[in-house]
Amino acid sequence: MTTGLADGTHPRRPAPPPMAVIGNSTIAALIDQKARILWTCWPRIDGDPLFSALVGGPDPERGFLSVELEGMASSTQSYERNTAILVTVMTSSDGSAVRITDLAPRFKQYDRIFRPPMILRRIEPIAGNPRIRVRMRPTMAYGRYDGRAIPGSNHIRYVSDAGAVRLTSDIPVAYLSSEAQFVLTRPMTLIIHADETFPNSIEDVWFAFLRSTRQYWLDWVRYLSVPYEWQEAVIRAAITLKLCSCEETGAIVAALTTSIPEAPGTGRNWDYRFCWLRDAYFTVHALNKLGATLTMERFLDYMRSVIATETGPNLKPVYAIVPEQSLEEWISEALPGFDGDGPVRIGNAAAEQVQHDVTGSLVLAASQMFYDHRLPKLGDAALFHELEALGERAAASAFEPDAGIWEYRGRQAIHTHSAAMCFAACDRLAKIAERLELKVRQEYWRGHAERIRSAILERSWNEKEGFFAASFDGNGADASTLLLHELGVVEANDPRFVRTVDMLQKRLTRQGFLLRYDDRDDFGMPSTSFNICTFWLADALFAIGRVEEARAIFEALLARRNHVGLLSEDIDPATGDLWGNFPQTYSMVGIIVTAMRLSRDWVH
């Protein structure tokens, strides 16, 4: 961990590079503006990083796939409209240029979705006689091994004690294995895939997979219920959330990376390639608003597996993509971290924490099953009774100390947000019971909900400061209390909520962006804003009638997206740099939910 300056600030360090992401809900790859693949986990989005250069130190010479254009002077990068297909154009100083198209195949085949662990890259000359060099240097076992290149006729196997992967290409293997420069005279294709024979024509596969993948995404976007304003931002956010889901099990990861620092030199480096039940609820909520309900249905399958396999007294806040797999946290000594700013953590100790908001997240995620008639199967009494078991946990733990939404590692309290989520679990169960005409159960859950609500309003309200505090009988400011209106604890026009919005805006805003809290935590004082919190502020301002102010804050957040419309977890308010794991589902959720709320109507 690096040290700060005497005044408590940190020296300016380079921020993570602007990156785009491709994927297919099995794997994903992060690609910078020079078309270098810097991060890809294999064979799943929570797996061993085949490309790890993103956390490989200041000048990594391993863990990447690059196409280097001799004399490169400029590059542009964008997605094909309404798809997850990425196009990078690089131009050299002599005017020669190449176009690189990247995709992970995803389309319907044989009545099921085809989404293999596979990356396809097409390199095309579009001007002059471009001279390029292709370098593939995979790592394995979290950087412990380099893949040893074993050339074949039209492929190279990269092998180590930890496994193997194959690169099949119509580029001469001699150029690939020696990393030699050559003149690109015709389009050529790279296919990274499992270590097995590739029995098809490379050219035919490229065109077939490109066409089918493009059509899949165009069809998927066509059926989204987007707002009138900010449509491109919302569509890109929705596609990105889809890429952060592991369709095989239904899990939704918080981000695709590990250990990109929340702020430089702080040690706030975490592994986010797992399914936080809280984050997953927010993702399901956002996609539901757009009409993409299949992710919710798959997540509910995952949720049932989580509940069935959990042997402890409490549900964990976070689970692996396969729920039974361990998330024991350890540090990779072979990966120095982004710009050398380690540690690189694998796993997440939050899995051992007690966070009482978890049950509320699951009940909220499942609630739409009882109301949305688009779904092939509506929620019924059987599902309701499954959810009641979660409600019992919520009712029993609402006033028990926990680590809270921000996962403090060194202290516990009765957190207002955790209690509010326990209220939400009981409140939604009462409403579902009413819909199912289960009057006795309705009254039972309404009684629990009102008991919890009364305690929140009494014990979290800080009369001296004039706001709802972070914890019962406390005085800390916490952005999560902006959700009290959303969760139904208090009305938006309640003077106490209005005063809370004002106070949080005053205490937590830094250059227009919101911190999570303003107290010291296990790692000192936070210095970067947490993007979802600023979205929450915009939502709260809208709810209390300050619409133009909400729109201005939202537009400022949209302006901080990178060149392809993506957001990470945090923003440095002083520099505007994006920090933290990437792309962050919370942040992309914020784009969707706030845009849907603030957009003018289609007829206006």
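## A buried glutamate and its partner

Glu124 is buried, at a relative accessible area of 19% (buried means under 20% relative accessible area, exposed over 50%, and partly exposed in between, using a 1.4 Å probe and protein chains only). Its salt-bridge partner is Arg99, and the closest N and O atoms of the two are 3.4 Å apart. A salt bridge here is a side-chain nitrogen of Lys or Arg within 4 Å of a carboxyl oxygen of Asp or Glu. Arg99 counts as partly exposed, with 30% relative accessibility. The two residues come from distant parts of the chain: Arg99 sits in strand E9 (residues 97-103), Glu124 in strand E12 (residues 119-127), and 25 residues separate them. Helices (H or I, at least four residues) and strands (E, at least two) are DSSP runs, numbered from the N terminus.

Keep in mind that this is a predicted model, where local features need pLDDT of at least 70 and side-chain atom pairs count only at pLDDT 80 or more, while totals for chains, interfaces and linings use all residues. Residues are numbered from 1 along each chain as its sequence is written, and side-chain values use heavy atoms, with hydrogens and water left out.

## More salt bridges

Strands E9 and E12 turn up again with Asp102 and Arg121, whose side chains meet in a salt bridge at 2.7 Å, N to O. Asp102 lies in E9 and Arg121 in E12, so this pair ties together parts that are 19 residues apart in sequence. Both Asp102 and Arg121 are buried. Elsewhere, salt bridges with shared partners join Asp427, Arg428, Lys431, Arg446, Glu450 and Arg453 into one network.

Then there's Arg62, whose side chain meets that of Asp146 in a salt bridge (2.7 Å, N to O). This one also links distant parts of the chain, 84 residues apart: Arg62 is in the loop between strand E5 (56-57) and strand E6 (64-69), and Asp146 is in strand E15 (residues 145-146). Arg62 is partly exposed, with a relative accessible area of 27%, and Asp146 is partly exposed too, at 45%. The full count comes to 45 salt bridges.

## Cysteines without a bond

If you're looking for disulfides, a search of the whole structure finds 0. The cut-off is a pair of cysteine sulfur atoms within 2.5 Å. Take Cys275: the closest cysteine sulfur, in Cys246, is 9.7 Å from its own sulfur, so that's too far for a bond. Cys275 is buried, with a relative accessible area of 0%.

Cys533 tells a similar story, because its sulfur is 18 Å from the closest cysteine sulfur, in Cys244, and that is too far for a bond. Cys533 is buried as well, with a relative accessible area of 0%.

## A three-strand sheet and a hairpin

Three strands form an open sheet in the order E32-E33-E34, with antiparallel pairing. Strand E32 (529-530) and strand E34 (578-579) stand at the edges with a single partner strand each, so one side of each has no neighbour in the sheet. Two strands pair if DSSP finds at least two bridges between them. Strand E33 (residues 570-571) pairs with E34 in the antiparallel sense over 2 bridges, and Asp570 stands opposite Trp579 in E34.

Over at strand E3 (residues 37-42), 3 bridges join E3 to strand E4 (residues 48-51), and the two run antiparallel. A hairpin of 5 residues connects E3 to E4. Across this pairing, Cys41 stands opposite Pro49 in E4.
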